[in-house]
Amino acid sequence: MINFRKLNKDEKQSRYSNMRARCGKEYQDRNPRYYGTFMCDIWENNKELYYEWLDENFYEVNGEQMDVDKDILQYGNKQYHPDLCLIVPHSINAFYETLEVGKTNIKQNPVTRKYSVKINDGGKWISSTGIDTYNRALDIYCDIKQGILVTKAKALKDYVPEKVYMALMNTDIRAINSKHYLANESEV
């Protein structure tokens, strides 16, 4: 059952101020992944319209901080806009921050030349070893992350709006990581 709730004026103002801050140079200098983030004119020029959007979309999931997310519907989106934002549990928002492969997720053993994959899922490590190529290791990374996301989405299905659930289920982690594949890698 989805627990929709209307925020009070102070809660709305706090969320608006936080969003504006993420669009500012000072915040972006401290948090480079936010470079280029901006607020649409609709919300920039009339915060009451943002408040109305919150009234229509805000819900709570027990035990979770709820975040306004701008890039689940469209990965990499930099604009806070009513058609591009979702309210999501903080754990989902944080998970999306780690969809792309990081420097420590795939390692190559210098002796065996084999690759290993290591992913942290809420304090639990998931790993795979003895992989012949980087691209195959990246496939495994994407498959593991996709599985984690599907599990999270299914666990939230009854507690989030259909639009949020479908956005999670339709996220293609392999497509998001496609730029990390090595074009010149030959299979062993």
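## A loop proline, a helix face and four partly exposed sites

P82 sits in the loop that joins β5 (79-80) to β6, where helices (H or I, at least four residues) and strands (E, at least two) are DSSP runs numbered from the N terminus. The model is a predicted one, in which local features need pLDDT of at least 70 and side-chain atom pairs count only at pLDDT 80 or more, while totals for chains, interfaces and linings use all residues. Residues are numbered from 1 along each chain as its sequence is written, and side-chain values use heavy atoms, with hydrogens and water left out.

Leaving aside neighbours within four places in sequence, P82 is in contact with C40, I42, W43 and W53, contact meaning heavy atoms within 4.5 Å. H81 is found in the loop between β5 and β6 as well, and, not counting residues up to four places away in sequence, H81 touches C40, I42 and W43. H81 counts as buried because its relative accessible area is 16%; buried means under 20% relative accessible area, exposed over 50%, and partly exposed in between, with a 1.4 Å probe and protein chains only. From P82 to E185 the distance is 42 Å, C-alpha to C-alpha, with their positions 103 residues apart in sequence.

W53, one of the contacts of P82, belongs to helix α4 (residues 47-57), in which Y50, Y51, W53 and L54 are buried. These residues lie on the same side of α4 because they cover an arc of only 155° around the axis, the arc being that of the directions from the helix axis to the C-beta atoms. An α-helix has 3.6 residues a turn, so residues three or four places apart point the same way. The buried residues of α4 pack against α1 (9-22), α3 (41-45), β4 (66-69) and β6 (86-89). At the N-terminal end of α4, N46 acts as a cap, with a side-chain oxygen 3.0 Å from the backbone nitrogen of E48. This is a polar contact, that is, a pair of N or O atoms within 3.5 Å; within protein, one must be able to donate a hydrogen and the other to accept it, and residues adjacent in sequence count only if both atoms are side-chain atoms.

Four sites elsewhere in the chain are partly exposed, and the table sets out their places and values.

| Residue | Place | Relative accessibility |
|---|---|---|
| T98 | loop between α5 (90-96) and β7 (106-108) | 39% |
| R113 | loop between β7 and β8 (115-121) | 49% |
| K118 | strand β8 | 42% |
| G147 | helix α6 (residues 134-156) | 34% |

The side chain of T98 reaches back to the backbone oxygen of F95 at 2.9 Å, and T98 also touches Y141 and K145, when residues up to four places away in sequence are not counted. T98 and L84 are 14 residues apart in sequence, and their C-alpha atoms are 20 Å apart in space.

What is the phi of R113, which is not a glycine? R113 has a positive phi of about 65°. Most residues other than glycine have a negative phi.

K118 is in contact with T104, N105, W125, I126 and S127, leaving aside its neighbours within four places in sequence. K118 and A137 are 19 residues apart in sequence and 9.9 Å apart in space, C-alpha to C-alpha. For G147, the C-alpha atom is separated by 9.9 Å from that of I173, which is 26 residues away along the chain.

As for the protein as a whole, there are 8 helices and 9 strands, and the C-alpha atoms fill a box of roughly 60 × 40 × 25 Å, taken along the principal axes. Of its 188 residues, 40% count as buried. Among contacts with a separation of 6 or more, 61% are accounted for by residues 24 or more positions apart. The protein exposes about 10,700 Å², of which carbon and sulfur atoms supply 49%; accessible areas come from the Shrake-Rupley method with a 1.4 Å probe, and for residues only the protein chains shown count as cover. There are 27 positive and 27 negative side chains, and the centres of the two sets lie 5 Å apart. Here Lys and Arg count as positive and Asp and Glu as negative, without His and the chain ends, and the place of a charge is taken as NZ of Lys, CZ of Arg, CG of Asp or CD of Glu.
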